[in-house]
Structures are given as structure tokens and as C-alpha cells.
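Biologist: I am new to this structure and should like to learn how its features are read. May we go through them in turn?

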Amino acid sequence: MNNLVILPIAIPLLTAIILIFFARKIVVQRYISAISMLLNVIVAFMLIQQVYENGVQTLNVGNWPAPFGITLVSDMLSALLVLTTTIVGFAVTLYSFQSIGEDREKYYYYTFVQFLLAGVIGAFTTGDIFNLFVFFEIMLMASYVLLVLGGSKIQLRETIKYLTVNVVSSAFFVIGIAFLYSIVGTLNMAHISQRIAELTEFPGILTVIAVLFLIVFGLKGAIFPLYFWLPGSYYAPPVPVMALFGALLTKVGVYSIIRTFTLFFYHDKGYTHDILLVLAIITVLIGVVGSIAYWDIKKIIIYNIITAIGVILYGVSIATDTGFSGSLYYLIHDMVIKAALFLLIGIIIKVTGTANLKQFSGLIKTYPVLAWTYFIAAISLAGIPPFSGFFGKLLVIQSGFEANEFIGAVIILITSLITLYSVMKIFIYGFWGEAKGYNSEQKISYKALLFPAILLVAVSVIYGFGTEVVYPYISNAAETLTNPDIYIEAVLKE
Amino acid sequence: MKNKDIILQTIAKVVFFIIILFSIHIFFEGHYRPGGGFVGGLVTAGGLVLLLLAYDLKTVKKLMPINFRILIGIGLAVALLTASAAMLFDVPFFTHAFDYFDLPLLGETSLHSAALFDLGVYLVVVGTTMTIIQTIGESE
């Protein structure tokens, strides 16, 4: 019994409800949402410390014992992801103050941001497969509204696509849960895992369900060939919403793949993990091809999301201690740095008025701070050694070599170079050269916008330099993944 | 135009109260028999829609000067606070409590905190349904 586990979900929910009553008072809304986000960051830190000291934390909601009620489980993986989510949420909320515009703020913008965060944090924390579905829906419905809020033509068009894809995948999710329930007869994830382990042989139908779950979560998390909706849908909304989506939504799909493939479907790795491996490598390739193909800075960063998902899933499909550690390290790094990059290109677009890289250059003369912040973010993304992208990718590639999967590891190494090229392209063509494409006499004030971006880049840099401090937490999380008994015992307490 | 609907309007006045009473009945019955906050809320909203059909948006708004979006907020707050109240008593989130009370007129009655949660659901369902119908009805 530990009510700290529910607080990261309950705080944004309560905030969202309070904000409904202050729909017209924009300043009050901003203060309330900023304070609540800051509070949630502190709570998430406390939660991590508690998980680190006392092992996996569980909460049986409603005081019903484990397999019968809903259990919320906070192991190190979910606690770390909750902390990252709250930090990203805090930065994006601060960024929204100056950039989202009063029209959207009056129509419940902050309410839906809080609902989105509640859904994401809930999906990271829950220990019940159907509850995971419900939190997915909370997250998705808030994301539909954030995507369409404002009602411009492109938003309406892309929302219809996004909505259709996600309704279909949610239906598949329910079907998958129904199949699984008819075989194991329980919904509690630890109990499902236990029941599957008790089966004398791994029946073929479970492999079918594993692939069905891979399709569902792959649609949410945009892996090849299910990524087709992402470039268009993420292009439509305003920049802070784009940052939230890019940093959080796809990562929930990735988290669900990690959770189900380490807790349920680890008995017959031959088939499912090979599929995952191949799909992950193709996803990386698709991502880098997209990111060098475009001259639109938003598109470049959007395709980099897909690349990162491929890298993370490659580590997961190797399924060794090193692979999991690398994937988790890279997952957290990627959430922070993607949010930072989206916020930074948002500032660039605000300064130049265009997202087309060919129409402006020479920004570094007028905006040096912006330029060097972007530079640090870009080399962090590519994984230059002292920065945060390095260590995760190193472990992922190392695990690939250890498992004799040379092709995938080499592909990831080479594609890092292309990732670096894609983000450096923005730096070279946008920031260097002669000043053109924007008004260099009138310097646009962007301090309030730059602060949250610098905050995120600073978190990322500290994360990279403080690898020694962070690593015990990461390996603690990876230990639960390679050894699901820790999770099961914490929940069912035999 | 309005005067032509005299039969519909007269019947609506009577039927509206029957529907509302029935919805309250369903709402309170939920713990022991089929019913509860969700159907109760829908039936209440159905009664309000009958008024909307018999009269028009303006009349109903004058009759019930409620901002239904605020009603959603109140409903959510009631539900979440009921669930959170358990934390004050140092038991897990969402733990419910019940006891028997001697109420005047009703005699010995069991009161359960789940009914408060159901009240939250009821308010959210009424608020959501009416917001959808009013918003679509108002937009040209």
C-alpha cells in the first residue's frame, strides 16, 4: 500500500478539472498548470527515490487484493518514464504561455494538456492490461482534441486520418485483450505472466496474440510498416502540441511493446523477437531516409522520431541486459531531446516565418544563443560522446554485436551518421551563411520561449555527463525486465 | 409555428417529470439492481432532449440556466475527490466505505460512498450529452 504511486496520475487529473472552471481566466490557468506541473516533477523524483530504495512499489486500488482489483505498479522503468514525462510536460507548458495564443487557451488548451499527461503517466504506471487500454484512450482522446484545436484546414484533414487510424488500432487492442483473456482468464499483468509461464508448452495462439499486440502498439508507436500516419499528423498541430506528441505519444507505444514482450511473450523468442528485430532495422532505415529527404525543418525532426523508435526497439529485440539498459537509456534521452528540438525549431519558425530551410540562412549573427543551444541539442541527438545520445546507442550496438546480429548493429552505426547529417543540415543551411530570409534589424524577443528549450537541453546535457549517477537506476530498471519474477512477486506477494 | 405543437407540448410537460423521476429511480437502484450513474444520466438527458424537441433551445436555456460544461467539471471533481478521500484515512486510493444510518422518514438506510462516485458519473453524463446536443443545435 503506497498512495505515492497514484499521485503523478491524480495531480494532472485534478488540475485538468480545476482548469475547467477557469476557462476564461487565462492568467489563472497558466499559473495553476505551471505550479501543478512543477509539483508533479517533485513527486516523480520522490517516487523514483522510493522505488530505488525499497524495490517495486505497488498500489492495489480500492484495497482489493492483487489479481482481483486494479493494481498500479511503479517499477524503475515506469518511474523513470513518469519523471521524464513530467519534465517534458513542464517545459512544454512554459513554452505554451508565449506561443499557443489566447484563442486556444480560452478553449480548454491547458485542460487537455493535463488530461494528455494523466493518460500518458497512467499508461506508464498501470499493472492491468485493460486499464492500460483505458489510459491509452484518455491519452488519445486528449490528443485528438489538441490536434484539432484551432480548426485550421490542415488540422481538420490530418485529425480525420489520425482519428481513423487510432480507432482501428484501439479496436484491435480490445480484440487482442479479449483473445488473451479467453486463454489465461485474467487481466492483471503479473497474473497473466504467471499463468503463461505455467503453460507446459507455449501455444501457437499466444504467438498470434503477441503479433497482434505488436501491430496495435506498432500503430501507436509508428514502427515500419505502420508509421504511415505519423509524418502528416504530427505536421499539423502547433509547435508545443507537436513537442508533446513527438516526445510522449509514440513512446507510450514503445513502452507497451517493451512491457508486453518482457512480461508476457518471452518464452518463445525465436519468432516474435526476430520479427521485432527486422521491423526495428527497417524502421531505422525509413526514418533516416525521410530525415535526409526533406528541406522542411519540421519534417526532418518528425522523421528522426521514427529513427529513434527503431533504435530503441532494436535493443529490446536483442533482449539481453545490455540491450535493455541501452534501450531504456536511449528512450529517456530521446523523449527529452525530441521535445527540446521541437521547441527549438518552433522558435526558428517564429523568427523566420517559414519552415522551409531553403528560404533563410545566417541566423547565428542575430541569434547566437538559439544557434548554440540548437547545436548542442543536435549533437546530443546524433550521439557525440560526452552528450546523452552516446551511451544508450553504445549499449544498444554493443548488445547487437554480443548477440552476433552484426547487420543490424552496423546499420545503426551508419545511420547515426545520417541522423547527424540531417540535423546538421538545419544548422549549416539555417544558421551559417549570409543573413537573409528574416528581418535582422528588428530582433524578435524570444527569451520566454528559449527558456524551456534551454531547460530541456540542460537536462539532456546533465543526463549525458551524469551517466555514472544515472546508470544504477537504468540497470535497476533493466533488471526487472530481464527477470520478470521481481515484478510478479512485488504484485502478487506470495 | 410554436402554437401548432400544443399536443406535443402538453404531453411533454407531464412526461418530462415521469422521465426525471424514473431516471432518479434508476440512479439510486444501481447498487442492487440494473441501473446506476450512466443509464440514470442518459435518461435524464433524454428527458431534457424531449423538452428541446417540444420547445426550443432558448426556452430550455431559460428554464434551466445551467452551464453544462461546468456541470462536467463538477461531476469529475465529485468523482475524483470521492476516490481521493480514501487517502486521508491512510487506505489505498479509491477504497470505499459504507455504514448504516438511522435517517428521519427513511428509517435504517445503508449509505455507501460509491453512490457519491456514481453521482459524479451521473453529472458528467448529463453534462456531456447536453453539451453535445446544445452545441450541435446552436451551430449554423
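Modeller: The discussion below takes up the interface, a surface patch, the backbone and the salt bridges. Please bear in mind that this is a predicted model.

Biologist: How many residues of chain B are in contact with chain A?

Modeller: On the chain B side there are 15 residues in contact, and they meet 18 residues of chain A. The area buried between the two chains is about 1,400 Å², and carbon and sulfur atoms give 78% of that area.

Biologist: Which three residues supply more than any other three of the area that chain B buries against chain A?

Modeller: They are Leu80(B), Pro92(B) and Phe93(B), which together supply 37% of the area buried by chain B. By class, the side of chain B that touches chain A has 11 nonpolar residues, with two polar and two charged ones.

Biologist: What does the count of polar contacts and salt bridges add to this view of chain B and chain A?

Modeller: Three residue pairs are in polar contact between chain B and chain A, both residues of each pair being at pLDDT 80 or more. Zero salt bridges are found across this interface.

Biologist: Where are salt bridges to be studied, then, and which side chain does Arg30(A) meet?

Modeller: Side chains of opposite charge can pair when their charged atoms come close. The structure holds eight salt bridges over all chains. In one of them, Arg30(A) meets Glu105(A), with 3.0 Å from N to O. This pair links distant parts of the chain, 75 residues apart: Arg30(A) belongs to helix H2 and Glu105(A) to helix H4 of chain A.

Biologist: Which residues make the nonpolar surface patch?

Modeller: Phe401(A), Phe406(A), Val410(A), Leu413(A) and Ile414(A) make a patch of about 430 Å². Helix H18 of chain A, residues 406–431, gives the most to the patch, with four residues. Ile414(A) is found in that helix.

Biologist: What should be noted in the backbone at Pro225(A) and Ala319(A)?

Modeller: Most residues other than glycine have a negative phi, and most peptide bonds are trans. Phe224(A) and Pro225(A), however, are joined by a cis peptide bond, with omega about -5°. Pro225(A) is placed in the loop between helix H9 and helix H10 of chain A. Ala319(A), although not a glycine, has a positive phi of about 60°. Ala319(A) lies in the loop between helix H13 and helix H14 of chain A.

Technical notes:
Residues numbered from 1 in each chain as written. Chains lettered and ligands numbered in written order. Predicted model: local features only at pLDDT ≥ 70, side-chain atom pairs only at ≥ 80, totals over all residues. Heavy atoms only, no water. Contact = heavy atoms within 4.5 Å. Buried area = accessible area lost by both parts, 1.4 Å probe. Salt bridge = Lys/Arg side-chain N within 4 Å of Asp/Glu carboxyl O. Polar contact = N/O pair within 3.5 Å; in protein donor to acceptor, adjacent residues only side chain to side chain. Nonpolar A, V, L, I, M, F, W, Y, C, P; charged D, E, K, R; others polar. Patch = residues over 30% accessible without salt bridge, like charges linked within 9 Å, V, L, I, M, F, W, Y side chains within 5 Å. Areas by Shrake-Rupley, 256 points an atom, 1.4 Å probe, with all protein chains shown as cover. Helix = DSSP H or I, 4+ residues; strand = E, 2+ residues; numbered from the N terminus.
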